[in-house]
Amino acid sequence: MRAFECDDGGLRVVFGTGTLARLGEELDRLGGRRALVLSTPRRGELVSRVVAGLGGAAAGVFDGAVMHTPVEVTEAALARAAELGADSVVSAGGGTTTGLGKAVAHRLGVPHVVLPTTYAGSEVTPVLGETSGGRKTTTTDPAIRPDTVIYDVSLTMGLPWPVTVTSAVNSMAHAVEALYAPGRTGATDRMATGSIAALATGLRRLPGDPEEARAELLYGAYLAGLCLGAVGMGLHHKLCHTLGGSFGLPHAPLHTVVLPYAMDYNAPAAPDAMRAVADALGVADAPAGLQRFARSLGAPADLAGLGFDAADVDRAAGLATQRPYPNPRPVTRDGVADLLRRALTGQSIGGPR
């Protein structure tokens, strides 16, 4: 079982099993005395454990976190923080809760501790995606990154299988795009390939050795999050932000469906990256191999099943190509529209177009 602590550039990480017990100590280290606890709805058991771990430092709870961090939800959480006189934020949950925690803590300028329960990886990044008026925008600022992340493997043990798979593949997307990002380095390449290998190993081992597998998955997500925070993302993330923010598609399942198609789009312009992904996954061809691997685990296979419609393809392609962004292959409206049509029906990569 992996267990470690590290402090790196203002981010403190505590990783292991049973580390929730360190929550009060870690909040105290940051000077927090009245923490607002954030979660999504219907997470009463988790919230109760977090509140108990904080003892007298728990000021109250806001359990209204919503996917894609709508600004109106952030405003409601800020009102709750003001009502409670909160001087710190504790986010307990997946990427949805972490996103709200970042938005609240950044606006208030208070300490932020995260307890991840999925493999989102966003808990170690200085990136915040928010939705307003049907558009999702991304802000990057070192002050957005949480102060402390407490990874407790035991908090992920009950994660349902479908959520486990899509959350892990969503995490892989950060590592994949890091391998062809303009700002990539030898260090980010090593983190990216290590992340992909750990995530794939964890998914394969989960049925037979759940505790060790969950540790591998959480560690892989941590590495992927470091990649996401260190370099810019390309077509895949831009497209998923468009589809999520403007069409309301579920975050992790969306990333799981789109990633192989985005990889296939970029493969001719990023052959070294695709070889590195294939080696880390243990497959012959990265886009097709990842698609087959995800589907063998029961992952969603097409955008239609997530609520995307053929009539939305042209609008989505237009939104995703409005502003230029780094990507190994030039991004065109026609190219993105073709990618979306293939993803809409779940066309097998490597087969006839």
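# Close-up views of a predicted model

**Figure 1. Overall fold of the protein.** Buried residues account for 56% of the 353 residues in the protein. The model is predicted. Its secondary structure comprises 13 helices and nine strands. Along the principal axes, the C-alpha atoms fill a box of roughly 60 × 45 × 35 Å. The radius of gyration is 19 Å, which agrees with the value near 20 Å for a compact globule of 353 residues. Consider the contacts with a separation of 6 or more: 73% of them join residues 24 or more positions apart.

**Figure 2. Crossing of helices H9 and H13.** Helix H9 spans residues 251-266, and helix H13 spans residues 333-345. Their axes come within 10 Å and cross at roughly 140 degrees. The angle does not exceed 145 degrees, the limit above which a pair counts as roughly antiparallel. H9 and H13 are therefore oblique to each other. Their crossing is right-handed. On the H9 side, the contact is made by Val257, Tyr261, Ala262, Asp264 and Tyr265. H13 contributes Gly335, Val336, Leu339, Arg342 and Ala343. By class, seven of the contact residues are nonpolar, one is polar and two are charged.

**Figure 3. Surroundings of Thr256 in helix H9.** Thr256 sits in helix H9. Is Thr256 buried or exposed? Thr256 counts as buried, because its relative accessibility is 3%, and the cut-off for buried is under 20%. Leaving aside residues up to four places away in sequence, Thr256 touches Thr166, Val169, Asn170, Ala294, Ala299 and Pro300. One of these, Ala294, is also among the buried residues of H11. Thr256 and Ala173 are 83 residues apart along the chain. Their C-alpha atoms are separated by 8.2 Å.

**Figure 4. Helix H11 and its cover.** Helix H11 runs over residues 286-296. Eight of its eleven residues are buried, so H11 is largely enclosed by the rest of the structure. Which residues of H11 are buried? They are Ala286, Pro287, Ala288, Gly289, Leu290, Gln291, Phe293 and Ala294. The cover over these buried residues includes helix H5 (161-178), helix H6 (186-205), H9 and helix H10 (271-281).

**Figure 5. Two loop residues with positive phi.** Most residues other than glycine have a negative phi. Arg42 is not a glycine, yet its phi is positive, at about 60 degrees. Arg42 belongs to the loop between strand S3 (35-38) and helix H2 (44-54). With a relative accessible area of 77%, Arg42 is exposed. Thr69 also has a positive phi, near 50 degrees. Thr69 is found in the loop between strand S4 (58-62) and helix H3 (71-84). Its relative accessible area is 7%, so Thr69 is buried. Thus Arg42 is exposed, whereas Thr69 is buried.

**Figure 6. Ser122 in a loop between two strands.** Where does Ser122 lie? Ser122 is in the loop between strand S6 (112-116) and strand S7 (127-132). Ser122 has a relative accessible area of 16%, so this loop residue is buried. Setting aside residues up to four places away in sequence, Ser122 touches Gly95, Thr98 and Lys102.

Terms used
Residues are numbered from 1 along each chain as its sequence is written. This is a predicted model: local features need pLDDT of at least 70, side-chain atom pairs count only at pLDDT 80 or more; totals for chains, interfaces and linings use all residues. Side-chain values use heavy atoms; hydrogens and water are left out. Axes are lines fitted to C-alpha atoms, for helices over the stretch in contact, and angles run from 0 to 180 degrees between N-to-C directions. Helices (H or I, at least four residues) and strands (E, at least two) are DSSP runs, numbered from the N terminus. Angles under 35 degrees count as roughly parallel, over 145 as roughly antiparallel, 65 to 115 as roughly perpendicular and the rest as oblique. A crossing is left-handed if the near helix is turned anticlockwise from the far one by less than a right angle, and right-handed if clockwise. Contact means heavy atoms within 4.5 Å. Ala, Val, Leu, Ile, Met, Phe, Trp, Tyr, Cys and Pro count as nonpolar, Asp, Glu, Lys and Arg as charged, and the others, Gly among them, as polar. The radius of gyration is taken over C-alpha atoms; the globule rule is 2.2 Å times the number of residues to the power 0.38. Buried means under 20% relative accessible area, exposed over 50%, partly exposed in between (1.4 Å probe, protein chains only).
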